[in-house]
Amino acid sequence: MMSPRGENGAWGVEHVERMKELMGEEKTDLQDALSEFRQMAQQLAEDFLSRGKNPQAEAFIEQVCVEKILVGCIFVGHVKTDLDSVAGALGAACLWCGVA
């Protein structure tokens, strides 16, 4: 099979230019996606902050009945531990000043 490289083993100018075009197109798609999801994330963050400043009745009940009970607890994962159970135990321990 013939290689697309030239006699000296280097890629031709046309190959380099085509790769630049392809990467530019991908970068544009990536930038578009990042921009779209950045806006979504910003909206979610603003929504969470708003809810934190103006909690609903359900949030108050949860805070009184659940969160206070979890302070200082021991948090564990599954018997057959995987990454999500380890991360969940560590995250809960961090949130409620407990032990993982």
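## The two sides of helix H3

On one side of helix H3, Leu 83, Asp 84, Leu 90, Cys 94 and Leu 95 are exposed. Keep in mind as you look around that this is a predicted model.

What about the other side? Ser 85, Ala 89, Ala 92 and Ala 93 are the buried residues to look for in H3. They cover an arc of only 100° around the axis, so they sit on the same side of H3. If you turn the structure until you look along this helix, you can try to pick out the two groups for yourself.

You can also check the length of the helix. At 1.5 Å a residue, the 13 residues of H3 should span 18 Å. The C-alpha atoms at its ends are 18 Å apart, which agrees with that expectation.

### The whole chain

Let us step back for a moment. How many helices and strands does the protein chain have? Its secondary structure comes to three helices and zero strands. Read from the N terminus on, the elements run α-α-α. The chain has 100 residues, and buried residues make up 6% of them. The surface that the chain exposes comes to about 8900 Å², and carbon and sulfur atoms supply 63% of that area.

### A neighbour from the loop

Now go to Phe 75, which lies in the loop between helix H2 (57-70) and H3. Is Phe 75 buried or exposed? Its relative accessibility is 13%, so Phe 75 counts as buried. Two residues of H3 can be paired with Phe 75: Ala 89, one of the buried residues of the helix, and Cys 94, which is found in H3 as well. The table gives the separation of each pair, along the sequence and in space.

| Pair | Apart in sequence | C-alpha to C-alpha |
|---|---|---|
| Phe 75 and Ala 89 | 14 residues | 5.0 Å |
| Phe 75 and Cys 94 | 19 residues | 9.9 Å |

### Two cysteines without a bond

Cys 94 has a relative accessible area of 64%, so this residue is exposed. Cys 97 is found in the segment after helix H3 (83-95). With a relative accessible area of 64%, Cys 97 is exposed too. Cys 97 also has a backbone feature to notice: its phi is positive, about 50°, although it is not a glycine.

A disulfide is a covalent bond between the sulfur atoms of two cysteines. How many disulfides does a search of the whole structure find? The search finds zero. Why do Cys 94 and Cys 97 not form one? The closest cysteine sulfur to that of Cys 94 is in Cys 97, and because it is 7.8 Å away, it is too far for a bond. To count as a disulfide, the two sulfur atoms would have to be within 2.5 Å. Starting from Cys 97 gives the matching result: its closest cysteine sulfur is in Cys 94, 7.8 Å away and too far for a bond.

### A patch on helix H1

The last stop is a nonpolar patch on the surface, formed by Met 19, Leu 22 and Met 23. Together these residues have about 290 Å² of accessible area. Met 23 is found in helix H1 (residues 13-53). Its relative accessible area is 54%, so Met 23 is exposed. That is above the 50% that a residue must pass to be called exposed.

Methods: Residues numbered from 1 in each chain as written. Predicted model: local features only at pLDDT ≥ 70, side-chain atom pairs only at ≥ 80, totals over all residues. Heavy atoms only, no water. Patch = residues over 30% accessible without salt bridge, like charges linked within 9 Å, V, L, I, M, F, W, Y side chains within 5 Å. Areas by Shrake-Rupley, 256 points an atom, 1.4 Å probe, with all protein chains shown as cover. Salt bridge = Lys/Arg side-chain N within 4 Å of Asp/Glu carboxyl O. Helix = DSSP H or I, 4+ residues; strand = E, 2+ residues; numbered from the N terminus. Buried < 20%, exposed > 50% of the residue type's maximum accessible area, 1.4 Å probe, protein only. Expected span 1.5 Å × (residues − 1). Arc of directions from axis to C-beta.
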